[in-house]
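Here's a short tour of a protein chain, written for someone just getting used to reading structures. Keep the 3D view open and follow along.

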Amino acid sequence: MHNSSMTLRSLFGSALLLLCTGLAAVWTAGLIWFQGPVLLRTLALVAFLSFSVTVLIAFFTRRRRRAMALFLAVFAAALGWFFSLTPSHDRDWRPEVARLPVGVIEGDRLSLRNVRNFNWISETEADPERWEDREYDLSRLESVDLFLSYWGRPEMAHTILSFGFGNGEFLAWSVEVRYRQGTGFDAMAGLFRTNEIILVAADERDVIRRRTEITREDVYLFRLGGGPPGSMRAFLTGYVEDANALAKAPAFYNSLTTNCTTVVLRLLRGIGIHLPLDWRLIANGFLPEFLYERGAVDRSLPFEQLRAASAISEKARLYRDDPEFSTKIRQSIPGMGGKS
C-alpha cells in the first residue's frame with residue numbers, strides 16, 4: 001500500500017510538472033510571436049517549438065533533469081525579456097487615442113482637458129475630430145450609468161461608465177487599448193504587453209454612436225445604484241485620478257488583468273463597494289445578470305424584461321442628431337423614469 005501511494009504521488013508530480021512545462025512553452029511561444037522581430041519571429045518560433053518538443057520527449061528519458069534545467073533557463077530568459085518591456089507615451093498613435101485626459105478638481109468644480117467629441121464617419125475616421133476642455137459641477141452629479149456594447153460573442157462586451165449631472169450633461173469614461181497606427185484589437189496580443197492602456201473621457205454621442213452606427217454593435221444601458229453615500233463622486237474622482245496617473249506614467253493594457261472591466265472593479269472596491277469573485281466578472285457579457293442579483297441595477301422587472309428594455313441601439317440611431325441624444329436614449333429604461 002505504501003509503495004502504491006508513493007507511485008501515485010510520483011505520477012501526479014510528473015503530470016503536474018509536464019503540464020506546467022507545456023503551459024510555459026505555450027506562453028513563451030506567444031511572447032516570441034507577438035513581441036519578436038517581424039522578419040525573424042516565424043524562424044524563432046519554429047526553433048523554440050522544436051526545442052520544446054525535444055524537452056518534452058527528454059522528459060521520459062534519463063536526460064530528464066538536464067532537459068528541464070535547460071528549459072527553465074530559456075523560460076527565465078523569456079520572463080526577463082517580458083518584464084523588460086516598458087510602456088511609452090511616444091508612439092505613432094491613432095487619432096482617437098492621441099491625447100490623454102487630465103483633470104483638476106477644486107471644490108465642486110471638475111476641469112477636464114482633452115474630452116473627446118468626435119463625429120465618426122468610419123471605424124477609424126472622424127470629421128471633425130474635436131478635443132474639448134470642459135467643466136463639470138460635482139454638486140450636481142446625480143447618476144452613474146453602465147453601457148455594455150456587444151460586438152460578437154455574448155460572453156464578452158465592452159463596458160463604458162457615464163456620469164450624469166443635473167443640467168443634462170453626461171461624461172463618459174471608456175477604458176481602451178491605446179492603438180498605434182495600423183493596429184487593431186487582438187485579445188491574445190493583449191496578454192503580451194503589445195499595447196498601452198488609455199482612459200478615454202468622452203461625450204456620450206461620440207463613444208455610443210461609434211458603436212451603434214459605425215461598428216453596429218448591440219448596446220445596453222443600465223442605471224447603477226446601491227452604493228454608499230458619496231460613492232458617485234468618489235467613483236468619478238477615481239477615474240480622474242487614474243487618468244492623471246496615466247498621463248504621468250504610461251501602463252500596458254492586459255486582456256485579463258487590466259482591461260475595461262477590471263479597472264472599473266478596482267475603482268468600485270476603492271470606494272468601498274466590494275463585489276465577490278464571480279466568473280461573470282471575467283465573462284463580462286453576463287455582468288448585467290450579476291449586478292441584478294446583487295441589487296446594483298433596477299429590479300422592478302424580471303431580468304430578461306429589464307435586459308430587453310435596456311437595449312438602446314435602435315434609439316441611438318433614431319436620435320443620432322438630436323440635441324437631447326443622451327436624454328432620448330434613456331427614455332423608457334427602468335430606473336431612469338424616462339428622464340436623464
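## A few places to look

Let's begin with Ser326, which touches Phe170 and Glu204, leaving out residues up to four places away in sequence. Keep in mind that this is a predicted model. With Glu204, the link is a polar contact: the two side chains come to 2.7 Å. You'll find Ser326 in helix H10, which covers residues 325–328. Is Ser326 buried or exposed? Its relative accessibility is 14%, and buried means under 20%, so Ser326 counts as buried. Here's a nice case of folding bringing sequence positions together: Ser326 and Gly168 are 158 residues apart in sequence, yet their C-alpha atoms are 8.0 Å apart in space.

Next up is Arg94, in the loop between helix H3 (64–84) and strand E1. Arg94 has a relative accessible area of 10%, so this residue is buried as well. Which residues does Arg94 contact, once neighbours within four places in sequence are set aside? They are Thr124, Tyr179, Arg180, Gln181, Thr183, Gly184 and Arg210. With Thr183, the side chain of Arg94 gets to the backbone oxygen at 2.6 Å.

Now for some strands. E2 pairs with E1 on one hand and with E3 on the other, and the table puts the two pairings side by side.

| Strand pair | Residues | Bridges | Direction |
|---|---|---|---|
| E1 and E2 | 102–106 and 109–116 | five | antiparallel |
| E2 and E3 | 109–116 and 131–137 | six | antiparallel |

Zoom in on the E1 and E2 hairpin, where two residues sit between the strands. Gly107 takes a positive phi there, near 65 degrees. Glu106 stands opposite Arg109 of E2. Over on the E3 side, Leu110 has Tyr136 as its bridge partner. As a rule of thumb, side chains in a regular strand alternate between the two faces of the sheet.

Last stop: helix H5, residues 231–248. How far apart should its ends be? With 18 residues at 1.5 Å a residue, H5 should span 26 Å, and the C-alpha atoms at its ends are indeed 26 Å apart, so the two values agree. Several H5 residues are buried, including Phe235, Leu236, Tyr239, Val240, Ala243 and Leu246. To read a list like that, it helps to know that an α-helix has 3.6 residues a turn, so residues three or four places apart point the same way. Try colouring the buried residues of H5, with Ser231, Gly238, Asp242 and Asn244 among them.

Conventions. Residues numbered from 1 in each chain as written. Predicted model: local features only at pLDDT ≥ 70, side-chain atom pairs only at ≥ 80, totals over all residues. Heavy atoms only, no water. Helix = DSSP H or I, 4+ residues; strand = E, 2+ residues; numbered from the N terminus. Buried < 20%, exposed > 50% of the residue type's maximum accessible area, 1.4 Å probe, protein only. Contact = heavy atoms within 4.5 Å. Polar contact = N/O pair within 3.5 Å; in protein donor to acceptor, adjacent residues only side chain to side chain. Expected span 1.5 Å × (residues − 1). Pairing = 2+ DSSP bridges.
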